[in-house]
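Visitor: Could you take one part of this model and go through it up close with me? I'd like to hear how it sits with the rest of the chain.

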Amino acid sequence: MLKKIFGLLTIIIVVFIAIIVFNTLTAKPWPQHKATALLSLPDSAIAHMSKAIQIATISPEDTSHIDTIHFNQFNQFVEKSYPLIHQQLKKTTINKYSYIYEWKGTDSNLQPIILMAHYDVVPVEPSAIKLWTVNPFGGEIKNGIIWGRGSVDDKANVIAILEATEYLLKKGLQPNRSILLCFGHNEESTGTGAIAIVNFLQSKNIKANLVIDEGGEITTTKLKDITQPVAMIGVAEKGYVTFELSVEKPGGHSSKPDKETAIDILSKALYQLRKTEMPSHITPPVKEFLNRVSGSSTDFIKKMALNNMWLFEGKVKSILSATPEGNAMLRTTIVPTIIESGVRENVIPTNAKAIVNCRILTGENTKDVEEFIRKQINDNRVKIKISGDFNTEPSAATDFNSPAFKEVEHAIYSIVDNVIPAPYIMIGATDSRNYRSISNGVVNFSPLIDSKGYHGIDEQLPIKDFQRAFNFFTIVLQDATK
Ligand SMILES: [Zn+2]
């Protein structure tokens, strides 16, 4: 009898192993596509990009303190550099410095497409200037690269969109579908420009078929075991909520402290909060992402896990959660960002306060996060309340079978050889979240390869990438004639 059971078990194990190995060995890499030959950049494009960087359109924290000189200068620069756009497209100014350009299509029954980008930039911290190898606002061109603040985020897209539009106007292109170019002026601070643009479009009952905004890009280095380039196409944004945790307990002289002070109570709460993370989930976009790259992994163990998710979902999650980005794709993240307490070294403070910032995974909401925080801390001396101005629930996800996603996929295939276009969840917030109220086709993608320096030091745009971005938008615009 025992022998029989043992024999049966052996057969089951062998069959299991055979299925796993079979699934791994027969997994096919994503089909290869040959990119089309890239058009050269228009003659003045590089000079325009350099000039755009030289106009320091820095987003102030307080938008009422906008540097009007530079923002006006940028507007004049665009008007002068793109004459056909200004002759043939209808320009609407929103909130003084955000702009909509409308290129009217011949068929008013078709929903328009929106290409959006922002031309404000983050400042360069005074302490970081010495770490730059170039003047951050010099727009220097050397070693085949255009250097400076905004060269990636997000003037690369602004200028590539303008160049592609001007180029196609010159060629006499007439789109069937209307095209709206929407440029926000304060994405890096409050994003009110984008909100006002969306309100304006809504008041005109405009629904867009496709909205492309910055976000994911192409990577050849971040996924070590995948030899093909992967285009990360953002299809959803995580939610955002900030909580204030506060403790009030009478303090006193530091020479005779209580066993527990307000600072102690808050510290313990934060420790409890960081000790356990919220549960992980593989959401549909992440599942599709894994599915698309699964056949191309050169790491046998990873490939085995990815192609046998029915058995190795836990293993896949642990591989993903090993990096901060991967972990953020799998779960709601919670992290303290500000702690405040105390006024003097010899006074035990009565109040201690912490600000905790959370990014909510698709499928969860603010209430779930608050409940988790309360349960983890499990101390009603810690008061928990929502704070902050940017709180928002996770966005809906753009369907990766939708025409909007397929259009972006098609343009990506045209600019990069053997690329895997893969949907993913945006872990940061962008202007485009507002556009979801007027479109089911919002896609976050910048046609750049492993861009360097955005929000950091030595921000730089290789001319090859700029050319690729120009081609990407040219294809999307040309497809609007079909
Ligand atoms: Zn940006």
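Guide: Two strands pair when DSSP finds at least two bridges between them; strands themselves are DSSP runs (E, at least two residues) and helices are runs of H or I, at least four residues, numbered from the N terminus. Keep in mind that this is a predicted model: local features need pLDDT of at least 70, side-chain atom pairs count only at pLDDT 80 or more, and totals for chains, interfaces and linings use all residues. Residues are numbered from 1 along each chain as its sequence is written.

So, the sheet: it is open, with three strands in the order S4-S5-S17, paired antiparallel. S4 (141–142) and S17 (460–462) are the edge strands, and since each has a single partner, one side of each is left without a neighbour in the sheet. Two bridges join S4 to S5 (residues 145–147), running antiparallel, and Ile-141 sits opposite Ile-146 in S5. Helix H2 (residues 45–54) packs on this sheet and touches S4, S5 and S17, where contact means C-beta atoms, placed from the backbone, within 7 Å. The direction of H2 makes about 20° with that of S5; axes are lines fitted to C-alpha atoms, for helices over the stretch in contact, with angles from 0 to 180 degrees between N-to-C directions.

Now look at helix H14 (residues 463–479), which holds Asp-465. Asp-465 counts as buried because it has 26 C-beta neighbours inside 10 Å; the cut-off is 20 or more for buried, 12 or fewer for exposed, and partly exposed in between. Beyond neighbours within four places in sequence, Asp-465 contacts Leu-448 and Ile-449. Its C-alpha is 18 Å from that of Lys-34, 431 residues away along the chain.

Stepping back, an automatic or database assignment sets the domain bounds: domain 1 (45–236 + 395–479) and domain 2 (238–392). Their C-alpha centres are 31 Å apart, and the contact draws 19 residues from domain 1 and 21 from domain 2. On the domain 1 side, strands S8 (230–237) and S15 (420–426) are the elements giving two or more residues, with S15 supplying the largest share, six.

The largest nonpolar core (buried Ala, Val, Leu, Ile, Met, Phe, Trp, Tyr and Cys joined through C-beta atoms within 7 Å) has 98 residues, and Ala-231, Ile-233, Val-443 and Phe-473 make the most contacts inside it. Both domains give residues to this core, so it lies between them. Ala-231, for one, contacts residues including Ile-218, Ile-412 and Phe-445. A second, separate core of 20 residues includes Leu-266 and Ile-334.

Conventions
Two residues are in contact if their C-beta atoms, placed from the backbone, lie within 7 Å.
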